[in-house]
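Let's take a friendly walk along the places where protein and DNA meet. Have the viewer ready, and keep an eye on the side chains as you read.

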2 protein chains.
Amino acid sequence: MPAIKDVARHAGLSVAAVSKYLKNPGSVRPDTRVRIESAIRALQYRPSPFARSLRTRRSGMIAVVVPDVRNPFFAELFDSIRIAARARGWLALLETSDDLQGLLAAVRSLSVGSVDGVIPCFLDDEHTASGLAEALHGRTPVIPVSWQASPQGGGTVLLDVRSGMRRMVRGLLDAGRVAPAYVGGPEDSTVSIQKLAGFRDALATAGLPVQAVPVQRGPFSLQAGHDAARSLLADPARRPDCLVAENDLLAVGCLRGAREMGVRVPDDLWVTGFDDIPLAAMVDPPLTTVSLPIREMGEAAVRLMAAALGVPEDAAGEAAGEASNDAAKGPAASGEALGILEVLPVVVVRESARPAPEAGQMS
Amino acid sequence: MPAIKDVARHAGLSVAAVSKYLKNPGSVRPDTRVRIESAIRALQYRPSPFARSLRTRRSGMIAVVVPDVRNPFFAELFDSIRIAARARGWLALLETSDDLQGLLAAVRSLSVGSVDGVIPCFLDDEHTASGLAEALHGRTPVIPVSWQASPQGGGTVLLDVRSGMRRMVRGLLDAGRVAPAYVGGPEDSTVSIQKLAGFRDALATAGLPVQAVPVQRGPFSLQAGHDAARSLLADPARRPDCLVAENDLLAVGCLRGAREMGVRVPDDLWVTGFDDIPLAAMVDPPLTTVSLPIREMGEAAVRLMAAALGVPEDAAGEAAGEASNDAAKGPAASGEALGILEVLPVVVVRESARPAPEAGQMS
DNA sequence: GTGAAAGCGCTAACAT
DNA sequence: ATGTTAGCGCTTTCAC
């Protein structure tokens, strides 16, 4: 593996000259540049990222941490961050937080310190969040994508899932549903707690007996949705007329569970999801759900990260394909001056449920 | 950021002693160990991964490259590799190859050289494969997970998709289907070419006019499956009685397309997938598909990588939770002595199609 | 515009 | 068992 000194020798120059060229090819004389370039080609030289990072204390990598890649919503979100990061010359790593101990160990020994910043997505189990913060002990910028503002105040992509859920459920109730049931995520997930709160907000507003409404909880998976639906629909005497699921995966599972129980959607039962993953429009019947602007969220997270790292605003777009897009970040964004970008969930109506359209602005 | 010399000073020892402790805490006297540990705690010391990697030329990271994370099959596969890697103390990075230029740039400047090995999964567009090999120029072990053996011979997880598809289709034909149509992936994907070949093998064996059978191709997405089905079912006069899709995503899209065209599955039309992602069992009707042992594939890839990196066999399991599993790697594995692990696709019959069971061993 | 040299934080001989 | 020391490959003053 050739080193910079080999290139220097081959080109009849000093290491410093080559290093200078590496940082900015325009900073050396044209003829030296040619010599360096041919030496690099001849030797197949590649700068060592380790040595470079050791000096500069920058790795060009940012870590994205999600609860589960197998959830299409997180796969999409990661992908959007990855693309936005690459446009700025960064490499996005993916970590998963299913196993807190393993994550922290990995993060401690490898990522952190090798990573310029961390974007935790919906890691709101308290243990994970604080464990991560502790592992990073304030040296690495953290830009969470979540429902609550970052405690460190370093920038956040905020998502008001509570009001998203509230609006969804209000529409259902306004459209005449009287016996909703809830298919939720794990108890230790605070997004899950937020969504459930939004659900109950709507119930309370409509004057329904909040505590009497059935609630099932479990992992965010197809299987859990399926099981929850079967259990909720087991007793024909008090069958819900509407299943409100916390995400699309659960909702798709519910669809299957309902089918197995001989319950027709939407005739006998409405089902709603959350996230609006591509699958939502492709199942039968297509899911009414809450849409989140994933692309924007990823772009926003990376933009906030760039700010946190002190990268000048125009440093983006050095890679290809970045159309100028003031329009794109307009409608759903606000408050970015504070390092907070809030994105608004939007109800998307398809066949699985027909909520009433919202009246006015009040959410 | 404290360095190793600070720890040494704080503990009244030399850097070497601390370094030795770091490598193997048992190699120093108990009392020095205590002093080092308290110094580390007091200073909140973390070894710099950069410096360490610069010396050892090992980063503890392996890159997994997949065509698209948003495909659940690849999300699962990555996850299984990630878990197996972590069990060996490695961190698995995820790269995506949608954009060859971007991938190579990222790989060249960051991953490669920072990564101890690369596991490309079904990257069989010729450009990508050779580009990757060139970017790595033989210095980094490559353990592909694909349908063909690695040209470099460094170890491979082999998957006979061609015979998997052949067996699926033969079952369909044996069960009386006479007008199959094919919903395939992109033309430049060689897995896609393999699967189509398997499809045609079965057609030829059954004496069907291979060239007359309709074939649609497109990206591996829900939408593409949907569009293909609509187009294939557009003419009621020559409607296929069976849609063979190259993966489950396409098949789910076909289900939706068929529904929109008023075609009932499985009564009027059979539909089959490939991969057996969790979704396959949850759509309506549940998909008949070809199952691949994803967990095993991930574990095998990492095991082969360990071998390529010269890691002793028992070095696994230093992290928790690794049950001994000679049984687990038994049934579907063969030829590992050669650095090749071949996994066998298995047809899983659900409601969307009812192929005839296979007779005998001959595939 | 280019060169000489110091040092980023660590590991691995080698010496004690 | 512990200490001394020479780099790993690079960037970055600082001279010239």
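What follows looks at each DNA strand in turn, then at the polar contacts.

This is a predicted model, in which local features need pLDDT of at least 70 and side-chain atom pairs count only at pLDDT 80 or more, while totals for chains, interfaces and linings use all residues. Residues are numbered from 1 along each chain as its sequence is written, chains are lettered from A and ligands numbered from 1 in the order in which they are written, and side-chain values use heavy atoms, with hydrogens and water left out.

**DNA strand C**

Which residues come closest to DNA strand C? They are Ser14(A), Arg55(A), Arg57(A), Ile4(B) and Tyr45(B), out of 26 residues that surround this strand; a residue is near a strand if one of its heavy atoms lies within 4 Å of it. Sugar or phosphate accounts for 69% of the atoms of DNA strand C within 4 Å of the protein, and bases make up the rest. One contact to a base involves Arg55(B), where an N or O atom of the side chain is 2.9 Å from a base oxygen of DNA strand C. Two or more residues each come from helix H2 (15-23) and helix H4 (49-56) of chain A, and from helix H2 (15-23) and helix H4 (49-56) of chain B. Helices here are DSSP runs (H or I, at least four residues), numbered from the N terminus. H4(B) gives the most to the surface near DNA strand C, with five residues.

**DNA strand D**

DNA strand D is also surrounded by 26 residues, and the closest are Ile4(A), Tyr45(A), Ser14(B), Arg55(B) and Arg57(B). Of the strand D atoms within 4 Å of the protein, 65% belong to sugar or phosphate and the rest to bases. H4(A) supplies the largest share of the surface near DNA strand D, four residues. By class, this surface has 12 nonpolar, six polar and eight charged residues; Ala, Val, Leu, Ile, Met, Phe, Trp, Tyr, Cys and Pro count as nonpolar, Asp, Glu, Lys and Arg as charged, and the others, Gly among them, as polar.

**Contacts to phosphate**

A polar contact is a pair of N or O atoms within 3.5 Å. The table lists side chains that reach a phosphate oxygen.

| Side chain | DNA strand | Distance to phosphate oxygen |
|---|---|---|
| Thr32(A) | C | 3.1 Å |
| Tyr45(B) | C | 2.4 Å |
| Tyr45(A) | D | 2.4 Å |
| Arg29(B) | D | 3.0 Å |
| Thr32(B) | D | 3.1 Å |

Key. A polar contact is a pair of N or O atoms within 3.5 Å; within protein, one must be able to donate a hydrogen and the other to accept it, and residues adjacent in sequence count only if both atoms are side-chain atoms.
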